[in-house]
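Let's take a friendly walk through this complex, starting with its DNA contacts and ending where the protein chains meet.

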Protein chains: 2
Amino acid sequence: MEVFQTRGYEGTSLIDLLEGTGLSRGSLYKAFSDKRTLFLAALDRYTTENMENLRQALTQGHPREAIRSALLAIAKASAFTLGERGCLVVGSTTEMVSKDAEVKKHIKQTFSRMQGFLREAIVRGQAEGEISIGHSADALSRFLLCTIEGMGVLGKTGRTEKEMSEIVEVALQALR
Amino acid sequence: MEVFQTRGYEGTSLIDLLEGTGLSRGSLYKAFSDKRTLFLAALDRYTTENMENLRQALTQGHPREAIRSALLAIAKASAFTLGERGCLVVGSTTEMVSKDAEVKKHIKQTFSRMQGFLREAIVRGQAEGEISIGHSADALSRFLLCTIEGMGVLGKTGRTEKEMSEIVEVALQALR
DNA sequence: TGACTTAGGAACTGATCGGTCCATAATGTT
DNA sequence: AACATTATGGACCGATCAGTTCCTAAGTCA
């Protein structure tokens, strides 16, 4: 998973994968039928883990604060962990969506689910009067998704956690 | 340029490049010393063209409206032109920044310049009272840059122009 | 027209790609 | 201890990779 994050799909050779896993060719090919299958498994694990984090953060406490803390967690991750490594979803989107129908489907589903979680929190926030009803929950959640993916790109160029957090604070202003 | 946009750097083979240019190996290698040099030239042309567009849009009319129209133009492009093709800067960022120091430098410079243009417009807007001074021009411009790059990612999954435009409208709320 | 220069194209290079095979080593199981 | 099963790693495969060579065709200029 981490190797694909840093090097991309095409940029990752079998040898990179062997070094990354510590396995030899034979062992790796007994576990996964081919490179693409391994990538799909990595992508699946990545999205599952991260979406669960997002879901949990978004369902704890008041909607507005929940969104803030969820986005701040991603901001932090984008600045450091992902920084050099990069978000696997962003990478897969730019590199593979136009070539691999299955990856495209997976990514679209991931985005749709993420937006769904965000939308739920926004709907609650709008009901409680915490969040503006000037735009639909759909538009606001799509905007937040855009901010998240944008941070994934920007983070790769070595931003500090403070810089990334400020982006979140500005974005939250749009929900007022 | 377009071939690299759609297929990424590693994903583009010489043959793809020959088909894209209509040249044969000999001719292509007489024009560019190697694949990477050609890529660098494509990246340079791409950023030059797009930055000039951005700069012009941002210096026409009132700051707030200038920002709106600049972002709407990018939203439109992200939905269609770039849609299947993808933004070359976003692609290069995710794929090459961690591998190629020169590309990294180029991308950082591009981001820095783009943010500079945005910041100028924001500073003017803040002076005229059109744009909030609740956040620094630096933070606001970084946020807008994040929105732009986010649209580049989201656009690849086939969004309509309307969806992308809404993102811009929400983002503009953050400047209020 | 003839000398010179540039562009084009096909055959070829070594290296590396993803993927297979198989003998052997390690591990259970009884 | 004997046997069955699985994990391992290295040799190997054809295909494709980026890049080179070189001969020919097309211009260019006098």
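Sorted by class, the surface near DNA strand D has four nonpolar, six polar and five charged residues. This is a predicted model. In total, 15 residues surround DNA strand D, and the closest are Ser24(A), Gly26(A), Ser13(B), Asp34(B) and Lys35(B). Two or more residues of this surface come from each of helix 3 of chain A, helix 2 (14-21) of chain B and helix 3 of chain B. Helix 3 of chain A has the largest share here, with four residues.

Now for the other strand. DNA strand C is surrounded by 15 residues, the closest being Ser13(A), Asp34(A), Lys35(A), Gly26(B) and Ser27(B). At least two residues of the surface near DNA strand C are supplied by each of helix 2 (14-21) of chain A, helix 3 (25-31) of chain A and helix 3 (25-31) of chain B. For this strand, the largest share, four residues, belongs to helix 3 of chain B.

Finally, the protein-protein side: 39 residues of chain A are in contact with 39 residues of chain B. On chain A, helix 7 (88-96), helix 8 (101-127), helix 9 (137-155) and helix 10 (161-173) each give two or more residues to the side that touches chain B. Helix 9 of chain A gives the most, with 12 residues.

Here is the make-up of the three surfaces by class:

| Surface | Nonpolar | Polar | Charged |
|---|---|---|---|
| Near DNA strand C | four residues | six residues | five residues |
| Near DNA strand D | four residues | six residues | five residues |
| Side of chain A that touches chain B | 16 residues | 13 residues | 10 residues |

Methods. Residues are numbered from 1 along each chain as its sequence is written. Chains are lettered from A and ligands numbered from 1 in the order in which they are written. This is a predicted model: local features need pLDDT of at least 70, side-chain atom pairs count only at pLDDT 80 or more; totals for chains, interfaces and linings use all residues. A residue is near a molecule or strand if its C-beta atom, placed from the backbone, lies within 6 Å of it. Ala, Val, Leu, Ile, Met, Phe, Trp, Tyr, Cys and Pro count as nonpolar, Asp, Glu, Lys and Arg as charged, and the others, Gly among them, as polar. Two residues are in contact if their C-beta atoms, placed from the backbone, lie within 7 Å.
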